[in-house]
Amino acid sequence: MTHLHAQSSSNNNNTWRRYFSTVQTELSDILTRELAEEESNGSSVMPENVAELKAQLEESWRIVDGDVTGGGNASSSGVVKLFKKEPLEGSGSKVAIAFHCQDTIPSEEEGGGSLFDSMTEGSADDDEEEEEAVAVRFTVMISRAGKTMVYTCLSEDAVTNVERVTMVDGDDIEDLMANGVDPKKYQGPEFSELAEDLQQSLCEYIDEVAGVDTDVASFIAMYADYKEQSEYAGWLGKVKGVV
């Protein structure tokens with residue numbers, strides 16, 4: 001009787017081993033297929049138009065792709081940061097931008113006041129036949145004299161919507177990038193409820209003075225799409241390495 005029980009247990013173990021081996025093999029094969037597809041699509045290769053725009057912006061901005069480690073090297077991360085190389089003329093304010101490649105919102109959910117509505121009305125019809133892109137949320141930080149003005153924005157192609165403008169004490173931009181605005185603090189008024197001329201003036205300030213123009217807005221949308229695909233390919237490889 002004991003012998004029969006041991007034999008039955010052994011058979012069950014072998015069945016489970018074969019089952020898990022089949023599942024593991026199937027998953028590995030699927031991952032291999034997906035990786036091959038991403039490689040075939042060139043997902044990890046920066047598109048030429050994105051590379052050209054990046055090179056153009058790097059004349060005025062220092063672009064950091066990933067988190068900077070203690071050794072000064074950027075590690076893999078979904079976060080991209082831009083630091084304006086020169087302080088703003090006149091005020092001496094420092095400007096920085098941060099976005100995460102997955103912080104996207106479908107276009108129908110967008111809100112806030114349009115930064116470039118008056119500038120892009122004529123181009124709307126030209127873009128109707130193009131594939132509709134998702135909006136990418138990004139943050140603009142402008143600091144001076146121990147204070148920082150924080151714009152929360154959405155970017156879709158070359159169009160930027162301002163969602164909110166918040167004032168915070170301190171000018172540690174890296175800390176703001178890492179931790180964001182303290183949710184217990186006053187977050188600023190609803191942007192769309194401000195006087196229209198105040199909305200327009202605040203929008204023109206980051207566009208014309210801070211340098212967050214249509215090229216920057218385009219770069220954020222285009223680079224976020226490229227980076228998300230690149231990170232996805234990396235994720236597939238890491239999962240395959242575990243299974």
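Biologist: How many aromatic pairs does a search of the whole structure find?
Modeller: This is a predicted model. The search covers the whole structure and counts aromatic pairs. The number found is three.

Biologist: Is the pair of Tyr 232 and Trp 235 stacked or edge-to-face?
Modeller: The ring centres lie 6.0 Å apart, with 20° between the planes. Planes under 30 degrees apart count as stacked. So the pair of Tyr 232 and Trp 235 is stacked.

Biologist: By about how much of the helix are Tyr 232 and Trp 235 separated?
Modeller: Both residues sit in helix H6. They are three residues apart, so the separation is about one helical turn.

Biologist: Is Trp 235 buried, partly exposed or exposed?
Modeller: Its partner Tyr 232 has 28% relative accessibility and counts as partly exposed. Trp 235 has a relative accessible area of 48%. Exposed needs over 50% and buried needs under 20%. Therefore Trp 235 is partly exposed.

Biologist: Which residues do ring pairs link into a cluster?
Modeller: Ring pairs do the linking here. The cluster consists of Phe 219, Tyr 223 and Tyr 226.

Biologist: Which helix gives the largest share of the largest nonpolar core?
Modeller: That core has 33 residues. Trp 61, Ile 97, Phe 99, Val 140, Ile 142, Tyr 151 and Val 212 touch the most other members. The largest share is six residues, and these come from helix H6 (residues 214–242).

Biologist: How many residues make up the second, separate core?
Modeller: Its members include Val 64, Phe 83, Met 141 and Val 150. The count is ten.

Biologist: Which residue in S6 is the bridge partner of Val 140?
Modeller: Strand S5 (residues 135–144) runs antiparallel to S6, and nine bridges join them. Val 140 and its partner are both among the residues that touch the most other members of the largest core. The partner is Tyr 151.

Biologist: Which residue in the turn between S5 and S6 has a positive phi?
Modeller: The two strands form a hairpin with two residues between them. The phi in question is about 55°, and the residue is Ala 145.

Biologist: Why is strand S6 largely enclosed by the rest of the structure?
Modeller: S6 (residues 147–156) has ten residues. It also pairs with strand S7 (residues 159–169) in the antiparallel sense, over ten bridges. S6 is largely enclosed because its buried residues number eight of the ten.

Biologist: Over which residues is the pLDDT below 50?
Modeller: The chain mean is 83, and 76% of residues reach 70 or more. The stretch below 50 has 31 contacts in the model beyond near neighbours in sequence. It spans residues 111–129.

Key:
Residues are numbered from 1 along each chain as its sequence is written. This is a predicted model: local features need pLDDT of at least 70, side-chain atom pairs count only at pLDDT 80 or more; totals for chains, interfaces and linings use all residues. Side-chain values use heavy atoms; hydrogens and water are left out. A nonpolar core is a set of buried Ala, Val, Leu, Ile, Met, Phe, Trp, Tyr and Cys residues joined through side-chain atoms within 4.5 Å. Buried means under 20% relative accessible area, exposed over 50%, partly exposed in between (1.4 Å probe, protein chains only). Helices (H or I, at least four residues) and strands (E, at least two) are DSSP runs, numbered from the N terminus. Rings of Phe, Tyr and Trp (its six-membered ring) pair if their centres lie within 6.5 Å; planes under 30 degrees apart count as stacked, over 60 as edge-to-face and the rest as tilted. pLDDT is the predictor's confidence in each residue, from 0 to 100. Contact means heavy atoms within 4.5 Å. Two strands pair if DSSP finds at least two bridges between them.
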